[in-house]
Structures are given as structure tokens and as C-alpha cells.
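Trainee: I am new to this structure and would like to go through it with you step by step. Could we begin with a single detail and then widen the view?

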Amino acid sequence: MSQWLVLAVAMALACALVLAFTALRHRRVAEDEDTSETPDVIEYMTMMVGVVYAIVLGLAIAGVWESRGAAEDNVRREAQALYEVTQRADVYPAAVRDRIRGEVDAYVAHTVDVDWPLLTAEEPPSTEGAALLGRLRTSVTHQSPATELQAQAYQPLLDQVAIADEARHVRTQSDSTTLPGMVWFGLLVGALVTVGLIFTLQIRRSGRELLLAGLFSALIAFLLFLVWSFDAPFGREGIDSAGPFLDLFPAVAERMTAAAP
């Protein structure tokens, strides 16, 4: 199911539940109940609960947004390091250069084709990715410099491979959700309490009040969906978060496009 469809269903369901509960409440209200005034203490409690929940929700959104940004920066660092390896290998003979670039392309293709679906599904990465990167490290390490230019490029090549290896380890260890279950429990309970408290304000069945109540509940549903969506550092479907690899290695992207049905 598309995330946009999930968002639309969640917002529509929240709005429909609030409106249906309001209509049901007014059917069962006593004839002598005064709905024209609300006690000041209830207004104060509603305001305080809303403010506290807004702060907690804002902190949750900031936390998952920061984790998503850190994951994107790390992916960009890994892709850039591998790209630098392919460019700096230009000082080697054609056979060595082609072998190193072929190993980089194989690692990138495996990362995007195999590892990325596992990342978005929050499953452990395959061991083949580490083996491919280890093979690249071996090829770079065992290639003895034959000229002064190759000697100058040798250590930077090793450094870039080390950066890519480190970024890969960080990526594979940060594939789980950011917020623990206890935080999600608090967010969901807080949403129910916050939406439920609006019924203590003596909402009548006027069009304006029903519209505001529906929009308020839909807004809460949208913000919770936003937290849920960004709680996955690499997204919940597709390979959009692998964009730096596809941008820096267009041959791999073209190969994937040609292989797609």
C-alpha cells in the first residue's frame, strides 16, 4: 500500500470518527443539559494537555528528522568515497584500473539491488556486500605503485576505501527505527487524549465547529504519520534513499532500468 494512500486513509478515518462520535453524543445528550458554557478548569486542562502534547510531538518529529538526515549524509559519504576510488584509479594501467572500477560497480549494484530492499525491510544485510568490499580493498592494497604518480595516489585510495567501509558499517547498524516502543505508546495515547478532550468543550453540531474538530483530528493523524514515515532512516519502500549511488554511478542505474520489466 502506498504511503500516500495510508496517509489519506488515516486522516479520513480520524476525521470520520470524530464527526461520528460528535453526532452520536448529541443524540444521547439530555434535553436539559446546558451546552452553552464550559467550565474554566476544563478549558485550562485542555489547553495544558494540548501544549504538552505539541512539545512531545515536535521533539519526536525533530528526532526522526535528524536521524533521517544523518542516514542520508552517511549514504552520500559512502557513495562519494567509492566514486573517488574509481577516479583516483586512473593513474594505474588499464587492466588494473578496469578491475578496480569493475569491483566498485559490482559492489554498488549489489548494494542497490540486494542490500537496499533489506534495509527498508529492517532486515540484516547480506554477507556478500562485505565480501565485495573486502575484495576491492584487497585489490587496492596489493597493487604496488610502479611510478611516482601511483605512489602519491596509493594512500588516498586506501583512505577512500576505509571511508566507504566505515560508512557501510554505520549504514548497516542504523537501519532500525529511531523511536522506541514506549515513545510510540505515549504518542498514540497522547493523541487519543488530546482529541478526546475537545469533546469536553461542548462542541455543538454547527458546521463551523464540526469542521474545526475534523480538521484538528486530521492534523493529529498527519503529524503521527509524519513521525512514522521518517522513523525509518532509509524509508519504508523503494530505493529512493539510494539516490547518491545512482547519481554517481549512472552505468549501474542504466543497467537497473534496462533490467526492470
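Mentor: Let us start with one pair in this predicted model: glutamate 84 and arginine 88 both belong to helix α2, where they stand 4 residues apart, about one turn of the helix.

Trainee: How far apart are the closest N and O atoms of glutamate 84 and arginine 88?

Mentor: The two residues sit in helix α2 with about one turn of the helix between them. Their side chains form a salt bridge, a term that asks for a side-chain nitrogen of Lys or Arg within 4 Å of a carboxyl oxygen of Asp or Glu. For glutamate 84 and arginine 88, the distance between the closest N and O atoms is 3.5 Å.

Trainee: Is glutamate 84 buried, exposed or partly exposed?

Mentor: A residue counts as buried under 20% relative accessible area and as exposed over 50%, with partly exposed in between. Its partner arginine 88 has a value of 32% and is partly exposed. Glutamate 84 has a relative accessibility of 23%, so the class that applies to glutamate 84 is partly exposed.

Trainee: Which residue forms a salt bridge with arginine 76?

Mentor: The partner also lies in helix α2, 3 residues from arginine 76, which is about one turn of the helix. Arginine 76 is partly exposed with a relative accessible area of 42%, and the partner is partly exposed as well, at 47%. The closest N and O atoms of the pair are 2.8 Å apart, and the residue that meets arginine 76 is aspartate 73.

Trainee: Where does aspartate 90 lie, given that its side chain meets that of arginine 101 in a salt bridge?

Mentor: The N to O distance for aspartate 90 and arginine 101 is 3.6 Å. Aspartate 90 is partly exposed at 48% relative accessibility, while arginine 101 is partly exposed at 26%. This pair links distant parts of the chain, 11 residues apart, with arginine 101 in helix α3 and aspartate 90 in the loop between α2 and α3.

Trainee: How many salt bridges does the count come to?

Mentor: The pairs we have discussed include arginine 76 with aspartate 73, as well as glutamate 84 with arginine 88. With the cut-off of 4 Å between nitrogen and carboxyl oxygen, the count comes to 6.

Trainee: Turning to the pockets, which element gives the largest share of the lining of the largest pocket?

Mentor: The largest pocket holds about 530 Å³ of space, and among its 20 lining residues Ala14, Ala191, Leu192, Ala221 and Leu224 lie nearest its centre. Two or more lining residues come from each of α1, α6 and α7. The lining divides into 18 nonpolar and 2 polar residues, with no charged ones. The largest share, 7 residues, comes from α1.

Trainee: How many charged residues are in the lining of the second largest pocket?

Mentor: The second largest pocket has a volume of about 430 Å³, and of its 19 lining residues, Gln3, Trp4, Arg68, Ser229 and Phe230 lie nearest its centre. The elements that contribute two or more residues are α1, α2 and α7, and α7 gives the largest share, 5 residues. By class, the lining has 8 nonpolar and 6 polar residues, and the number of charged residues is 5.

Trainee: Looking at the chain as a whole, how many helices does its secondary structure come to?

Mentor: The chain has 261 residues, of which 37% count as buried. From the N terminus on, every element in the run is written as α. There are 0 strands, and the number of helices is 9.

Note on methods: Residues numbered from 1 in each chain as written. Predicted model: local features only at pLDDT ≥ 70, side-chain atom pairs only at ≥ 80, totals over all residues. Heavy atoms only, no water. Buried < 20%, exposed > 50% of the residue type's maximum accessible area, 1.4 Å probe, protein only. 1 Å grid on protein atoms, 1.4 Å probe; cavity = no way out; pocket = protein on both sides within 12 Å on 5 of 7 lines; lining within 4 Å. Points joined across faces, edges and corners; volume = space filled by probe spheres on them. Nonpolar A, V, L, I, M, F, W, Y, C, P; charged D, E, K, R; others polar.
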